[in-house]
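The following paragraphs guide a reader through a protein model and its ligand. They begin at the ligand and then turn to the packing of helices.

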Amino acid sequence: MQSTLEIVSRIAKGDSTVLITGESGVGKELMARAIHDQSVRATRPFVAVNCGALTETLLESELFGHAKGSFTGADKDRPGLFEAAIGGILFLDEIGEVPPGMQVKLLRALQEREVRRVGENRFRPTDVRIVAATNRNLTDEIAAGRFRQDLYYRLRVIELHVPPLRERHEDILPLAMLFLNKLAGNRECPITGFTQDALDLLLRYNWPGNVRELQSAVEHAVTMCRDGLIDYSDLPGELRAMLLKPAPVVVDDIRPLEEVERDYIQGVLLAVGGNKVLAAKKLNIGIATLYRKIRRNNHHAFCQSEVKCLEPANKIS
Ligand SMILES: Nc1ncnc2c1ncn2[C@@H]1O[C@H](COP(=O)(O)OP(=O)(O)OP(=O)(O)O)[C@@H](O)[C@H]1O
Ligand SMILES: [Mg+2]
């Protein structure tokens with residue numbers, strides 16, 4: 001994160017077009033806003049548009065504006081977002097979703113730094129810095145014929161790739177604490193942090209929804225938490241499911257449950273150097289239950305060895 005933030009500061013000092021790439025929820029929009037806030041354009045507007053949410057016609061009129069009467073419902077002249085962002089930054093989110101016809105018009109606007117409102121003949125100059133973002137792989141999109149290569153080069157003067165959260169483990173705990181501090185402040189009983197088990201789980205989970213998912217996991221945990229520390233049981237089910245091992249493959253070696261349990265308890269006792277208190281804790285059972293199981297198992301093992309010893313004799317008789 002530190003290196004990404006340093007890059008953001010350097011990018012903010014320039015005025016080139018930026019393409020921010022990365023999976024959903026990594027913080028692309030946040031980076032775009034940080035570029036704006038640290039740039040000379042900070043006192044001018046930051047205008048964001050989700051290019052994936054609009055049809056081609058709507059997107060054109062949204063970005064470039066329209067003249068009165070240019071289509072049904074256009075009851076007055078309206079400037080577009082390029083004009084609204086003059087002096088500032090226009091953030092073109094989900095740029096990979098822009099329909100092909102609009103890609104040509106966008107390329108022209110970026111190259112000539114001027115826009116033409118729908119239904120007008122004249123071009124208006126626009127001084128805006130463009131920051132675009134996508135979670136698609138635009139080179140794949142170009143190869144598939146869905147994205148124009150010339151527009152890609154025009155946008156990717158500087159590329160800022162924000163890595164997925166699973167590739168920056170060092171950010172997980174500081175971000176979790178940041179979200180916790182933001183949320184826990186509003187509570188009657190303050191939450192000061194996470195138990196070790198909860199932290200282990202946060203670090204082991206692979207965060208397919210990235211920072212957005214971490215943020216909502218912390219929010220979930222804050223709601224569930226009953227005392228001053230968030231435990232793993234307060235975290236959402238998807239995370240806790242990580243603790244469940246995949247079911248072992250059983251083909252024909254089906255053994256009685258008691259026998260499997262006995263062997264497993266023996267294995268755990270060996271792993272913890274015979275420390276029964278620790279073994280009970282790891283097995284998540286009470287110490288009395290562990291003693292009872294050991295006693296029963298010893299008795300069972302004793303009976304079994306008797307049976308084995310008796311077998312040959314039985315055969316002889
Ligand atoms: N470094 C960070 N510090 C604090 N909050 C962050 C950070 N990165 C992301 N977030 C938060 O995570 C959420 C998702 O971030 P953002 O909307 O910027 O992601 P995105 O990459 O634009 O996602 P999408 O591709 O789905 O639009 C936001 O609530 C944002 O505030
Ligand atoms: Mg976004």
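Ligand 1 is surrounded by 15 residues, and the closest of them are Ser 24, Gly 27, Lys 28, Glu 29 and Val 211. The model that shows this arrangement is a predicted one. Three helices each contribute at least two residues to the shell around ligand 1: H2, spanning 28–37, H8, spanning 172–184, and H10, spanning 210–224. In character, the shell is made up of six nonpolar, six polar and three charged residues.

The division of the protein into domains helps to place the ligand. Domain 1 covers 2–163, domain 2 covers 169–243 and domain 3 covers 257–312. Because domain 1 and domain 2 both give residues to the shell around ligand 1, the ligand lies between them. As for domain 3, its C-alpha centre and that of domain 1 are 66 Å apart.

Attention may now pass to the helices and the way in which they pack. Two packed helices are described by the angle between their axes and by the distance between those axes. H8 and H10, which both supply residues to the ligand shell, offer a suitable starting point. Their axes come within 9 Å and cross at roughly 45°. An angle of this size makes H8 oblique to H10, since angles under 35 degrees would count as roughly parallel and those from 65 to 115 as roughly perpendicular. The crossing in which H8 passes H10 is right-handed. On the side of H8, the residues that meet H10 are Ile 172, Leu 175, Ala 176, Phe 179, Leu 180, Leu 183 and Ala 184; their counterparts in H10 are Val 211, Leu 214, Gln 215, Val 218, Glu 219 and Val 222. This contact of H8 with H10 comprises 11 nonpolar residues, one polar and one charged. Val 211, listed here in H10, is also one of the residues closest to ligand 1.

H8 packs against a further helix, H9, formed by residues 196–204; the angle is about 120° and the axes are 10 Å apart. H8 is therefore oblique to H9. The crossing of these two helices is right-handed. Ile 172, Leu 173 and Ala 176 in H8 meet Leu 199, Leu 202 and Leu 203 in H9. The residues of this contact are six nonpolar, with no polar and no charged ones. Ile 172 and Ala 176 of H8 thus appear in the contact with H9 and in the contact with H10.

Another helix pair is that of H3, residues 56–64, and H5, residues 100–112, which pack at an angle of about 20° with their axes 9 Å apart. H3 and H5 are therefore roughly parallel to each other. H3 passes H5 in a right-handed crossing. Here Glu 56, Leu 59 and Glu 60 in H3 meet Gly 101, Met 102 and Lys 105 in H5. The residues of this contact divide into two nonpolar, one polar and three charged.

Note on methods:
Residues are numbered from 1 along each chain as its sequence is written. Chains are lettered from A and ligands numbered from 1 in the order in which they are written. This is a predicted model: local features need pLDDT of at least 70, side-chain atom pairs count only at pLDDT 80 or more; totals for chains, interfaces and linings use all residues. A residue is near a molecule or strand if its C-beta atom, placed from the backbone, lies within 6 Å of it. Helices (H or I, at least four residues) and strands (E, at least two) are DSSP runs, numbered from the N terminus. Ala, Val, Leu, Ile, Met, Phe, Trp, Tyr, Cys and Pro count as nonpolar, Asp, Glu, Lys and Arg as charged, and the others, Gly among them, as polar. Domain bounds come from an automatic or database domain assignment. Axes are lines fitted to C-alpha atoms, for helices over the stretch in contact, and angles run from 0 to 180 degrees between N-to-C directions. Angles under 35 degrees count as roughly parallel, over 145 as roughly antiparallel, 65 to 115 as roughly perpendicular and the rest as oblique. A crossing is left-handed if the near helix is turned anticlockwise from the far one by less than a right angle, and right-handed if clockwise. Two residues are in contact if their C-beta atoms, placed from the backbone, lie within 7 Å.
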